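Student: I would like a close look at one part of this structure. Please take me through it slowly and show how it connects to its surroundings.

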Amino acid sequence: MQVSLVQGIAVLCVAFYWWDFSLASKRQGQNREARLTLKPKHGGQLMLSSGRIKLGEVFLSGINGLRGERGEKGAKGEKGSQGEKGDKGDSCSSSCKNIFTSSTSGSCDARTEGELRYDKKSSHLFLCSRKQWHQLQTVLRGEISNSPPRKSCLDILFKGEGQGDGMYWINPAGTDPERNAFRAYCDMTTSGGGWTLVAKVTHDYSWVCPDRDGGMCRGSKTNPLNANLFHDIHQRDTVDLSIKSNIDAGVHLNDTIIRMLFVSGRQSVRFTFVGSGNDWTATEDAYAAFNPSKKNRMFVDHEWGQYTLDNVDYTWNIIKHTRKDKTFRGKIICWGNKVKHSYRFYDHGLHVGSPASAHKPCLLDNNENEVMLKSHYATLQGSPLKARWDMAQFGFLGAQFVQVPNKRIAIWVR
C-alpha cells in the first residue's frame, strides 16, 4: 500500500512538471472517466471535465470547469516613443484665403456667394447669401429652456411649459424642428404673456446706414430703401433684447414667420416704448388686437394696408402710459413691404400713431407730444420705386420735433 502511494505521488509530480496530466478511473461494468488537465494555453487553469471527483474529503459537484482566482494586476509598462511627425498639408489656394476677411464692406454678389466674413468691429460672422450679408447667430445651449419646440411663445404658455421671460425654442412651421426651430425671446408675464419678440430698434442710424458710423444717413452710399426696418437686410434668425448701437440695432424676424405667429395666435401686435434708462423698462406699452372677422395683410410681403380704430380694424389696449403729458392713441397702423410703388411717401415697413391731416395713406401726423412708431429717413416716389435720403432725417427714436423721443422700441406678436 505504501509503495502504491509513493508511486502515485511520483506520477502526479511528473505530470505537473510536463504541465499536462490526467487521472482516469473505471468502475466495473461502467466506462466513466474523470480527467484532470493542466495546460499552459489555458493560463494554468484546472479544467474538470467530470461532474464529480473526490479529492480526499473535498467534493466538486455539478460543475464542468473550475477557474482559479485572478492574479494581481501587473505593473504599468513604459511609455511608448513618440510617433513620427506627419507630412505638411497642402497650401491654401488664393480662393480659400479670402474665406475669412475682416470686413463686410465688400459687395455680396454671385462671385462671393457662400463666402464668410468676420467683422472686427462687431465681432460677428457674416455669410453672403442672395446678394446680402447675413449675420450668423450663435446658440448658447444654456439658454435652451424647452423641448420639444412649440409653435410660438403663446403655445408654450398654453401647454404650461413657460418658465418666465427669456429665450425659448419655437417652431412656427410645426414640422422638421431640426431645420425650422429657432430661438425666440418670450415675454411670459406682461398682459397675460405669450408674446414673441419680432423686431426692435435700439439706435437711430447705425443699422440704417452703417457707413456713417452712427451718424445721420444724409449723404450715405447705402441704399435709402434699407431705411425700412423690415427690409431683408435687417432680418435675423433670432431677435433678443440685447441693446446694440451697430448694424444689429434695428432687426426683425423673417416676415413670413411673423405672419405665421400672428395668424396662429390672437392676431395681436404690441409696441413697447422705452423713454429713459438703460434697460427695457417700458414708459409706454400697448397692443393692437385685430378684428378676427375682418381680413388683414399684416406682415405679408409685396402688399400694404392701412388699419384704423375708426374702422374697428383693431382695438387699442394700453398696458402702461407713464408720460401723462403725452398722448398715446394708436389711431392708425400701417404695414407695407416689398411694394413697388410709394404708398406713404416715406420709408415702408410698420408704423403706428395718429394720421396726418393730409389725405396721403399711411402718412402720420407731426406731433411732438404723441408717442408713435414713425420714421422719415428717406423719401420714396414713382413706380418703379425710387428713393433718396430725406434732408430732415427723422428716425424712430430721436425725432423730437415730429413725435415723442425714445431710447428704444420693441415690437411683439401674440
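Tutor: What follows looks at one small sheet, then at the rings and core around it, and last at the disulfides. The model is a predicted one.

Start with the sheet. Three strands form an open sheet in the order 14-16-17, and the pairing is antiparallel. Strand 14 covers residues 303-308 and strand 17 covers 349-353; both stand at the edges with a single partner strand each, so one side of each is left without a neighbour in the sheet. From one strand to the next, the twist averages 5°. Strand 16 is made of residues 332-337, and 6 bridges join strand 14 to strand 16. To find one position in that pairing, look at glutamine 306, which stands opposite cysteine 334 in strand 16.

Now follow the chain past strand 14. Aspartate 313 sits in the loop between strand 14 and strand 15, the latter being residues 314-321. Is aspartate 313 buried or exposed? With a relative accessible area of 10%, aspartate 313 is buried, because buried means under 20%. What does aspartate 313 touch, leaving aside its neighbours within four places in sequence? Its contacts are Phe290, Asn291, Lys294, Gln306, Tyr307 and Thr308. Gln306 in that list is the glutamine that stands opposite cysteine 334.

Next come the aromatic rings. A search of the whole structure finds 18 aromatic pairs. One of them joins phenylalanine 230 and phenylalanine 299; this pair is tilted, with 6.3 Å centre to centre and 55° between the planes. The two rings come from distant parts of the chain, 69 residues apart: phenylalanine 230 is in the loop between strand 10 (195-201) and strand 11 (250-252), while phenylalanine 299 is in the loop between strand 13 (284-290) and strand 14. Phenylalanine 230 counts as buried at 0% relative accessibility, and phenylalanine 299 is buried with a relative accessible area of 1%.

A second pair involves the sheet itself. Tryptophan 304 and tyrosine 343 are stacked, 4.9 Å centre to centre with 10° between the planes. Tryptophan 304 belongs to strand 14, and tyrosine 343 to the loop between strand 16 and strand 17, which puts the two partners 39 residues apart. Which of these rings is buried, and which is partly exposed? Tryptophan 304 is partly exposed, with a relative accessible area of 31%, whereas tyrosine 343 is buried at 2%.

The rings also gather into a group. Phe230, Phe262, Phe290, Phe299, Tyr307, Tyr314 and Trp335 form one aromatic cluster. Among these, Phe290 and Tyr307 are also contacts of aspartate 313.

The nonpolar core can be added to this picture. In soluble globular proteins, nonpolar side chains tend to be buried together. Here the largest nonpolar core has 64 residues, and those with the most contacts inside it are Phe271, Met298, Phe299, Leu350 and Ile411. Phe299 is thus a member of this core and of the aromatic cluster. Phenylalanine 271 deserves a separate look: leaving aside neighbours within four places in sequence, its contacts are Glu284, Asp285, Ala286, Trp316, Ile333, Leu350, Val352, Leu373, Ala410 and Ile411. Apart from the largest core lies another, of 7 residues, including Cys334, Val339, Leu364 and Met372.

Finally, turn to the disulfides. The structure holds 4 of them. One joins cysteine 108 to cysteine 128, S to S 2.1 Å. This link is right-handed, with 95° about the S-S bond. Cysteine 108 lies in the loop between helix 2 (94-97) and strand 5 (116-119), and cysteine 128 lies in strand 6 (residues 124-129), 20 residues apart. Cysteine 108 counts as buried at 11% relative accessibility, and cysteine 128 is buried at 1%.

Another disulfide is formed by cysteine 153 and cysteine 186, with sulfur atoms 1.9 Å apart. Its link is left-handed, with -75° about the S-S bond. Cysteine 153 is in helix 3 (residues 153-158) and cysteine 186 is in strand 9 (residues 182-187), so the pair ties together parts that are 33 residues apart in sequence. Both of these cysteines are buried. Cysteine 209 and cysteine 217 also form a disulfide, their sulfur atoms 2.0 Å apart. That link is left-handed, with -80° about the S-S bond, and both cysteine 209 and cysteine 217 are buried.

Technical notes. Residues numbered from 1 in each chain as written. Predicted model: local features only at pLDDT ≥ 70, side-chain atom pairs only at ≥ 80, totals over all residues. Heavy atoms only, no water. Core = buried A, V, L, I, M, F, W, Y, C linked by side-chain atoms within 4.5 Å. Buried < 20%, exposed > 50% of the residue type's maximum accessible area, 1.4 Å probe, protein only. Contact = heavy atoms within 4.5 Å. Pairing = 2+ DSSP bridges. Helix = DSSP H or I, 4+ residues; strand = E, 2+ residues; numbered from the N terminus. Axes fitted to C-alpha atoms, helices over the stretch in contact; angles between N-to-C directions. Disulfide = S-S within 2.5 Å. Phe/Tyr/Trp six-rings, centres within 6.5 Å; stacked < 30°, edge-to-face > 60°.
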